[in-house]
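Work through the following exercises with the sequence and the model at hand, and try each task before reading its solution.

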Amino acid sequence: MKKINNSVLALALFVGIANANAQEKKTLTLDEAVQLGIQNSKNLKIDAAKIEEATADLLEAKNRQLPELKVSGSYMYLPLKPNVNIKLPGVSGDGGPEVHQVAYGSANLSVPIYSGGRIRYGIESAKYLVEASKLSTENDKTAIAYNVAQAYNNLFKANQSIKVLEENLTASQKRDETFLKLENNGVIARNDRLKANLQTSNIELQLLEAKNNYNIANINMDLLLGLPETTEIEVDQNYIDEGNEVKAVDFYLNEARENRKDLQALDKQRQAAALGTKAAKAENLPSIAFTGGYVAADIPKFLTIYNAVNVGVGISYNLSNIWKENSALKQSRAREMQLTATNELLNDNIKLDVNREYQNTDYSKKRITVFEKSAEQANENYRITKNKYDNGLATMTELLDADAAQIAANVGVINAKADAALAYRKLLQTTGTLTIK
């Protein structure tokens with residue numbers, strides 16, 4: 001009975017461990033991986049903080065158009081008797097009451113009426129900068145989508161390489177067993193059997209390297225997606241069929257002009273800079289505001305003031321502007337020039353990027369055809385060489401070389417298809433249209 005219980009316990013423990021390991025595996029499509037990457041991106045968290053900062057600047061700009069109300073009050077104790085000399089007609093200036101304390105308070109209200117447009121330009125400029133921050137975030141999302149796709153592609157290629165190498169290793173090991181029997185029966189020389197064993201060892205080394213690349217690619221994916229590092233991601237290879245219909249290059253150039261978020265963000269920055277120039281010009285204009293105030297004071301036994309209300313219009317103008325050059329205006333104009341040049345450079349770079357990635361996409365698709373043809377040739381070559389070897393018409397070296405060429409060609413087809421799918425996504429990124437499906 002005890003043995004049975006121990007067996008049941010061991011079985012339950014085994015099942016528990018198997019379930020735990022199974023829970024660490026996660027099957028993800030490429031679009032699901034992109035969604036996770038965007039959700040857990042550290043860069044987007046930084047972008048969110050920048051948007052908050054720009055929004056706070058907008059709030060500050062809006063606050064400048066609101067009334068200013070300031071209240072102040074003071075109480076002072078005078079330990080020494082002050083010398084009070086009143087010189088009003090009919091009032092004796094000598095002596096006077098003893099004053100030991102003074103209390104007074106005031107309230108001042110200011111409502112801006114005219115500021116040369118500085119407030120309005122500041123608000124509009126801040127709005128454009130908020131929009132620019134949001135557009136920059138969208139541009140970063142596109143970059144993250146491609147980075148995840150690239151990591152996903154690397155994981156897929158590593159996984160497919162492992163599958164191909166494992167199949168060839170199994171075949172090579174079976175061949176070794178056959179050759180060992182042939183050697184024992186005196187059919188083949190020991191040297192030929194050792195050559196086959198060496199080929200098997202080379203495949204094992206390639207398989208170890210492929211598994212190492214897979215593990216590194218898997219950890220990279222886990223970090224990108226915000227998953228535990230022990231999570232084993234299983235990819236969906238259907239994504240390699242993307243990009244079968246590539247349109248003319250002009251189509252993608254027009255898409256880039258309309259959809260590139262970094263170009264749109266730069267346009268908002270240019271609009272903000274133009275308003276900044278107008279605001280800087282307004283620094284040379286006077287400011288007019290409605291003013292109001294209330295004053296109360298109490299000096300016991302000497303003076304009491306209540307209900308001292310005043311209203312009026314105030315105007316302020318910095319006369320030093322007459323001889324001082326407007327440095328803020330020069331800085332703003334320089335900023336406009338810089339953004340204009342940046343815009344021209346960005347447009348040139350977009351043209352270059354789109355044309356380059358279009359050519360790379362076309363090149364990647366053509367590579368698939370070449371690799372498929374090479375694989376057919378390599379497979380047929382191996383079949384023919386194997387038949388020749390079985391009939392004593394080919395050497396062991398020729399057979400092993402044909403086998404190695406077959407492995408390389410089959411792996412090349414898989415990698416070519418994966419690279420073509422990634423190249424198409426890169427093309428979409430350059431046009432600003434790489435989105436989640």
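**Exercise 1: a bridge between a loop and a helix**

At 18% relative accessibility, Arg118 counts as buried, where buried means under 20% relative accessible area, exposed over 50%, and partly exposed in between (1.4 Å probe, protein chains only). This is a predicted model, in which local features need pLDDT of at least 70 and side-chain atom pairs count only at pLDDT 80 or more, while totals for chains, interfaces and linings use all residues. Residues are numbered from 1 along each chain as its sequence is written, and side-chain values use heavy atoms, with hydrogens and water left out.

Task: find which side chain meets that of Arg118 in a salt bridge, and say where the two residues lie.

Solution. Begin with the criterion, by which a salt bridge is a side-chain nitrogen of Lys or Arg within 4 Å of a carboxyl oxygen of Asp or Glu. The partner is Glu283, at 4.0 Å from N to O. Next, place the two residues: Glu283 lies in the loop between α7 and β5 and Arg118 in helix α4, so the pair ties together parts that are 165 residues apart in sequence. Helices (H or I, at least four residues) and strands (E, at least two) are here DSSP runs, numbered from the N terminus. Finally, compare the surroundings: Glu283 is partly exposed, with a relative accessible area of 40%, whereas Arg118 is buried.

**Exercise 2: two further bridges of α4**

Task: by the rule above the count comes to 20 salt bridges; examine the one between Arg120 and Glu124 and the one between Arg193 and Glu183.

Solution. Take Arg120 and Glu124 to start with, whose side chains meet at 3.9 Å, N to O. Being 4 residues apart in helix α4, they are separated by about one helical turn. Arg120 is partly exposed at 46%, and Glu124 is partly exposed at 30%.

Then turn to Arg193 and Glu183, whose closest N and O atoms are 2.7 Å apart. Arg193 lies in helix α5 and Glu183 in helix α4, so this pair ties together parts that are 10 residues apart in sequence. Both count as buried, Arg193 at 13% relative accessibility and Glu183 at 17%.

**Exercise 3: the nonpolar core**

Task: determine which element gives the largest share of the largest nonpolar core, and list what Leu155 touches.

Solution. A nonpolar core is a set of buried Ala, Val, Leu, Ile, Met, Phe, Trp, Tyr and Cys residues joined through side-chain atoms within 4.5 Å. The largest such core has 55 residues, and those with the most contacts inside it include Tyr152, Leu155 and Phe156. Among the elements that each supply at least two residues are α5 (190-225), α8 (327-390) and α9 (396-431), but the largest share, 14 residues, comes from α4. As for Leu155, contact means heavy atoms within 4.5 Å; not counting residues up to four places away in sequence, Leu155 touches Tyr214, Ala217, Asn218, Met221, Ile233 and Val235.

**Exercise 4: the length and cover of α7**

Task: check the span of α7 against expectation, and name elements that cover its buried residues.

Solution. The expected span of a helix is 1.5 Å times one less than its number of residues. The 21 residues of α7 should therefore span 30 Å, and its end C-alpha atoms are 30 Å apart, which agrees. The buried residues of α7 include Leu263, Leu266 and Leu275, and the cover over its buried residues includes α4, α6 and α8.
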